[in-house]
Amino acid sequence: MANMREIRSRIKSIQDIMKITNAMYLISSSKIKRARKSLAATVPYFEKLQSTINDILLRAPHMHQVYFERREEIEAKDRKKGYIVITADKGLAGAYNHNVIKKAEEEMKKCSNNFLFVVGMVGRQYFLKKGVMVDCEFLYTAQDPTMYRAGCIADTILDLFKKHNLDDVYVVYTKMVTPMKAEVQFQKILPLERRKEERRAAGYLHAKFLPSPEAVMDRLVPNYVKGLIFGILIEAYSCEQNARMTAMEAATRSAKDMLRELGLLYNRARQAAITQSITEVVSGAKKLKK
Amino acid sequence: MAKKFHLEIIASDHPFYKGDCESLIFPGMDGLHGILANHQEMVTCVKGGELKYKADGEWHYAVVSDGFVEVMPDNQVILLADTIENPEEIDIKRADEVKQRAEEKLRQKLSNQEYYLTRAELNRAINRIKAAKRHR
């Protein structure tokens with residue numbers, strides 16, 4: 001039978017950890033309310049933005065524009081690929097960070113010229129420890145996403161793309177499919193692709209771009225990328241809080257289970273100790289009588 | 001009775017308007033654009049400024065920042081922008097403060113990027129103040 005003191009110290013440490021997990025659960029459950037609200041407010045924009053861009057790309061005429069450069073002359077192995085990876089600032093969020101990082105690593109294996117732009121401390125530390133090239137000046141937090149921050153990120157990425165420092169840009173993030181289910185998404189941002197064949201198949205005409213397709217795209221693409229990143233940040237943030245909430249809830253629950261079991265063990269050990277000492281006293285007394 | 005088209009105005013943080021509309025006028029890259037029903041398919045950008053749309057025979061106003069407009073073939077128009085506000089909601093005092101701060105910042109030496117960001121901020125503040133004052 002386990003030592004009473006040992007059990008007591010385990011109970012104590014589990015209780016202490018349970019306090020932490022419980023507090024984190026409460027924090028994330030209050031944060032998630034705000035995150036959900038901003039998600040609900042942004043989802044119409046985010047979805048409409050993507051469907052509208054799809055539609056615009058479907059109807060866009062041929063044009064020479066930097067954001068449409070596919071740079072096919074560069075061979076697949078020499079292409080400079082940028083990945084925007086969105087992780088959390090802190091751990092203890094279940095598999096949330098792990099899933100994103102795993103997906104990013106999986107994609108990075110396909111190519112040797114990778115450039116990482118990591119949002120959030122967890123992913124950053126992970127990749128730095130692994131010795132992967134991480135952009136050092138790309139320091140953004142995943143907390144409370146704002147349009148301003150999304151604009152900064154978009155500016156950096158677009159600038160690098162324009163200067164041919166990046167040939168393809170992808171984003172890895174977590175999307176909330178249902179409130180209970182999150183999924184890692186991998187999406188290409190740049191270069192944009194006109195969908196010529198689909199347009200011809202659907203029999204659409206080219207739309208008119210005022211004043212000119214190039215001028216419109218010059219302004220529209222930065223705006224689109226900014227909006228897209230904003231939506232992605234919001235989505236990821238609310239996923240993070242959700243993941244943390246469920247993880248902490250589970251942790252608190254299993255801590256309670258463990259406490260119950262240990263309580264039983266402790267009582268058993270205590271009773272055994274009492275029984276033993278009674279036996280000792282009684283047998284000692286018997287000895288004296290004789 | 002003027003012909004109507006379906007208009008959707010969506011800001012990044014909330015859907016602003018969805019419904020029928022007779023006419024839409026917004027600030028474009030090269031001046032104001034007007035859209036009526038059965039407009040040709042078109043894609044263009046919105047510059048920060050004031051837009052108005054006529055719904056139920058009445059003009060409604062809003063302050064927009066950068067975004068874009070798509071006119072779709074089935075008489076649908078979508079306007080997406082970073083922010084859209086009702087003139088009544090604007091806090092003139094705050095906008096004034098932002099304006100002053102931006103002006104002060106512009107007097108100092110700034111990097112190119114900072115300069116453009118501050119300029120944009122200043123323009124936004126001026127637009128908001130203008131629109132709010134006009135509809136008081």
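In this predicted model, A:F209 has B:V43 as its bridge partner in β5 of chain B. That bridge belongs to a pairing between the two chains, in which strand β5 of chain A, residues 208-210, runs parallel to β5(B) over three bridges.

The wider contact between the chains draws 24 residues from chain A and 23 residues from chain B. On the chain B side, the elements that each supply two or more residues are β1 (5-11), β5 (42-46), β8 (67-72) and β9 (76-81) of chain B. Sorted by class, this side of chain B that touches chain A holds eleven nonpolar residues, together with six polar and six charged ones.

Within chain A, four strands make up an open sheet with mixed pairing, and their order is β2-β1-β3-β4. Because β2 (114-119) and β4 (181-190) of chain A occupy the edges and have a single partner strand each, one side of each of them is left without a neighbour in the sheet. On average, and with direction ignored, neighbouring strands of this sheet are turned by 25 degrees against each other. In the pairing of β1 (residues 81-86) of chain A with β2(A), which is parallel and spans six bridges, A:K81 stands opposite A:N114. Helix α2 of chain A, residues 96-108, lies across β1, β2, β3 (168-178) and β4 of chain A, and runs at about 145 degrees to β3(A).

The two parallel pairings described above are set out here.

| Strand pair | Sense | Bridges |
|---|---|---|
| β1(A) and β2(A) | parallel | six bridges |
| β5(A) and β5(B) | parallel | three bridges |

How values were computed
Residues numbered from 1 in each chain as written. Chains lettered and ligands numbered in written order. Predicted model: local features only at pLDDT ≥ 70, side-chain atom pairs only at ≥ 80, totals over all residues. Pairing = 2+ DSSP bridges. Axes fitted to C-alpha atoms, helices over the stretch in contact; angles between N-to-C directions. Contact = placed C-beta atoms within 7 Å. Nonpolar A, V, L, I, M, F, W, Y, C, P; charged D, E, K, R; others polar.
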